[in-house]
Protein chains: 2
Amino acid sequence: MSTATRTSRSRRVAAAVAVPDDETLAAMAKALAHPARVKILRVLDARTTCVTGDVVTEVGLAQSTISEHLRILREAGLIQGEIEGPRTRYCVSSAGLASLKAGIAAL
Amino acid sequence: MSTATRTSRSRRVAAAVAVPDDETLAAMAKALAHPARVKILRVLDARTTCVTGDVVTEVGLAQSTISEHLRILREAGLIQGEIEGPRTRYCVSSAGLASLKAGIAAL
DNA sequence: ATCGGTTATCGTCGATTGACGATGGAGGAA
DNA sequence: TTCCTCCATCGTCAATCGACGATAACCGAT
């Protein structure tokens, strides 16, 4: 418990963080269970936003491999990408990340 | 951060949490990347300590499978087990878990 | 309409994972 | 000693992962 001292029957104050169950937490952990994906998260966080090509350059793996890692992170809800013309812009999902943090912190 | 408000150049107060690099963080996440292992952590936390057989009963997988999961968690530094006569007693490694939490929180 | 740049998806291959039963060793009890 | 219990390890099998090149789809500009 850190931000939310206010728990029980009070008004919803600010973004109730979803606490994931075992299954979901494991899935999110699995998405992080690869150095390249951890690095991708850091890259996205540092630049606040980038297109796939930027990530390919930064991480140094094949484009198809990066695209796959991005898919895994996206399906885990840790990042989100929006199509922007011919390219796709990715950013970390603060909601998803918060959920992961909450789940880990609750251990 | 929860326990340690005291950070910088003060005397080392209580267990400076090691912040893991990408590789290590990924390895710890990988250890959590399975529902059974998440559950095992919860079981250990709830009972503060248990022998392998208890975990087998609680989780409901084959003894060899549980033993393997315990090994993975142990090698990731998330739990520690001490041999106690004919059985092995496992408990959560607060240091390892703190390291994981720090790594995740730093994302 | 066609071309060039940017991504996602497909197919493949070797490596790793996860599950289980079987085996073996280390302790306590008889 | 001789059991019996508890646990880790081994061997095996199917399933999944990770990386890559090749291909296709999509869009903007020419």
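## Exercises on a predicted protein–DNA model

In chain A, 51% of the contacts between residues at least 6 apart in sequence join residues at least 24 apart. Keep in mind as you work that this is a predicted model.

**Exercise 1. Describe the fold of chain A: which elements does the chain have, and in what order do they run?**

Step 1. Start by counting elements: chain A holds five helices and three strands.

Step 2. Now walk along the chain from the N terminus, and you meet them in the order α-α-β-α-α-β-β-α.

Step 3. Next, look at how the residues are covered. Chain A has 107 residues, and 36% of them count as buried, that is, they have under 20% relative accessible area.

Step 4. Finish with the outside: chain A exposes about 6,400 Å², with carbon and sulfur atoms supplying 51% of this area.

**Exercise 2. Work out how chain B is related to chain A: what turn and what shift lay chain B on chain A?**

Step 1. Recall the general idea: two copies of a chain are related by a rotation about an axis and a shift along it.

Step 2. Fill in the values. A turn of 180° and a shift of 0.0 Å along the axis lay chain B on chain A, with an RMSD of 0.1 Å.

Step 3. Draw the conclusion: the two copies are therefore related as by a two-fold rotation axis.

Step 4. Find a landmark for the axis. Among the residues of chain B, Ala29(B) comes closest to it, with its C-alpha at 2.5 Å.

Step 5. Check the interface: 100% of the interface residues of chain B are interface residues in chain A as well, so the copies meet through the same surface.

**Exercise 3. Explore the surroundings of DNA strand D: which residues come nearest to the strand?**

Step 1. There are 18 residues around DNA strand D, and those that come nearest are His69(A), Gly53(B), Gln63(B), Ser67(B) and Tyr90(B).

Step 2. Sort this surface by class: four residues are nonpolar, 11 are polar and three are charged.

Step 3. Turn to the DNA side. Of the strand D atoms within 4 Å of the protein, 68% belong to sugar or phosphate, and the rest belong to bases.

Step 4. Pick out polar side-chain atoms that reach each part of the strand:

- Phosphate: Arg37(A) has one 3.5 Å from a phosphate oxygen of DNA strand D.
- Base: Gln63(B) has one 2.9 Å from a base nitrogen of DNA strand D.
- Sugar or linking oxygen: Thr88(B) has one 3.3 Å from such an oxygen of DNA strand D.

Step 5. Place the surface on the fold. The elements giving it two or more residues are α4 (63-75) of chain A, and α3 (52-59), α4 (63-75) and β3 (87-92) of chain B.

Conventions
Residues are numbered from 1 along each chain as its sequence is written. Chains are lettered from A and ligands numbered from 1 in the order in which they are written. This is a predicted model: local features need pLDDT of at least 70, side-chain atom pairs count only at pLDDT 80 or more; totals for chains, interfaces and linings use all residues. Side-chain values use heavy atoms; hydrogens and water are left out. A residue is near a molecule or strand if one of its heavy atoms lies within 4 Å of it. A polar contact is a pair of N or O atoms within 3.5 Å; within protein, one must be able to donate a hydrogen and the other to accept it, and residues adjacent in sequence count only if both atoms are side-chain atoms. Helices (H or I, at least four residues) and strands (E, at least two) are DSSP runs, numbered from the N terminus. Ala, Val, Leu, Ile, Met, Phe, Trp, Tyr, Cys and Pro count as nonpolar, Asp, Glu, Lys and Arg as charged, and the others, Gly among them, as polar. Buried means under 20% relative accessible area, exposed over 50%, partly exposed in between (1.4 Å probe, protein chains only). Contact means heavy atoms within 4.5 Å. Accessible areas come from the Shrake-Rupley method with a 1.4 Å probe; for residues, only the protein chains shown count as cover. Copies are superposed by least squares on the C-alpha atoms of residues with pLDDT of at least 70 in both.
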